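User: Please take a close look at one helix in this model and describe how it sits in the chain. I would like cut-offs given for the terms used.

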Amino acid sequence: MNAIETPQGALSYEQLAERASRVRVSAPRVALALPPGLDCAVALHACLQAGVEVVPVDLREPSPRLAGAGQVI
């Protein structure tokens, strides 16, 4: 059973946890600015594992709105 399946591929729960453990999160709040897909799922999982707030960012928003967002993955 896979944890996530996308047109890009699939990750098992073990693969998702392993990839997420390699992401370093160093802020109490993270703006997640990635298109939907495996990388976004891995980054989200990493943030949740680290216990930080995640603020999803709509990439269609104008860039000035992203200013001051903190750490952006």
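Analyst: What follows describes helix H2, its buried side, its cysteines and its salt bridge, with the rest of the chain as background.

This is a predicted model, in which local features need pLDDT of at least 70 and side-chain atom pairs count only at pLDDT 80 or more, while totals for chains, interfaces and linings use all residues. Residues are numbered from 1 along each chain as its sequence is written, and side-chain values use heavy atoms, with hydrogens and water left out.

The chain has two helices and five strands, in the order β-β-α-β-α-β-β from the N terminus. Helices (H or I, at least four residues) and strands (E, at least two) are DSSP runs, numbered from the N terminus. Of the 73 residues in the chain, 26% are buried; buried means under 20% relative accessible area, exposed over 50%, and partly exposed in between (1.4 Å probe, protein chains only).

Helix H2 covers residues 38-50, which is 13 residues. Its expected span, 1.5 Å times one less than the number of residues, is 18 Å, and the C-alpha atoms at its ends are 18 Å apart, so the two values agree. After H2 comes Gly-51, with a positive phi near 75°.

The buried residues of H2 are Leu-38, Cys-40, Ala-41, Val-42, Ala-43, Ala-46 and Cys-47. An α-helix has 3.6 residues a turn, so residues three or four places apart point the same way. The buried residues of H2 pack against strands E1 (2-6), E2 (9-12), E3 (29-32) and E4 (53-56), and against helix H1 (13-21). One of them, Ala-46, touches Ala-20, Val-23 and Val-25, leaving aside residues up to four places away in sequence; contact here means heavy atoms within 4.5 Å.

H2 also contributes to the largest nonpolar core, a set of buried Ala, Val, Leu, Ile, Met, Phe, Trp, Tyr and Cys residues joined through side-chain atoms within 4.5 Å. This core has eight residues: Ile-4, Leu-11, Leu-16, Ala-20, Leu-38, Ala-41, Val-42 and Ala-46. H1 and H2 are the elements that give two or more residues to this core, and H2 supplies the largest share, four residues.

Neither cysteine of the helix is paired. A disulfide is a pair of cysteine sulfur atoms within 2.5 Å, and by this rule the count is zero. Cys-40 is in no disulfide, its nearest cysteine sulfur being that of Cys-47, 9.5 Å away. Cys-47 is likewise in no disulfide. Cys-40 counts as buried because its relative accessibility is 19%, while Cys-47 is buried at 0%.

Three salt bridges are counted in the model, each a side-chain nitrogen of Lys or Arg within 4 Å of a carboxyl oxygen of Asp or Glu. The one that involves H2 joins the side chains of Asp-39 and Arg-19 at 3.0 Å, N to O. This pair links distant parts of the chain, with Asp-39 in H2 and Arg-19 in H1, 20 residues apart. Both ends are partly exposed: Asp-39 has 48% relative accessibility and Arg-19 has 25%.

Another salt bridge joins Glu-18 and Arg-22 at 3.1 Å, N to O. Arg-22 lies in the loop between H1 and E3 and counts as exposed at 53%. Its C-alpha is 9.7 Å from that of Ala-43, a residue 21 places away in sequence.
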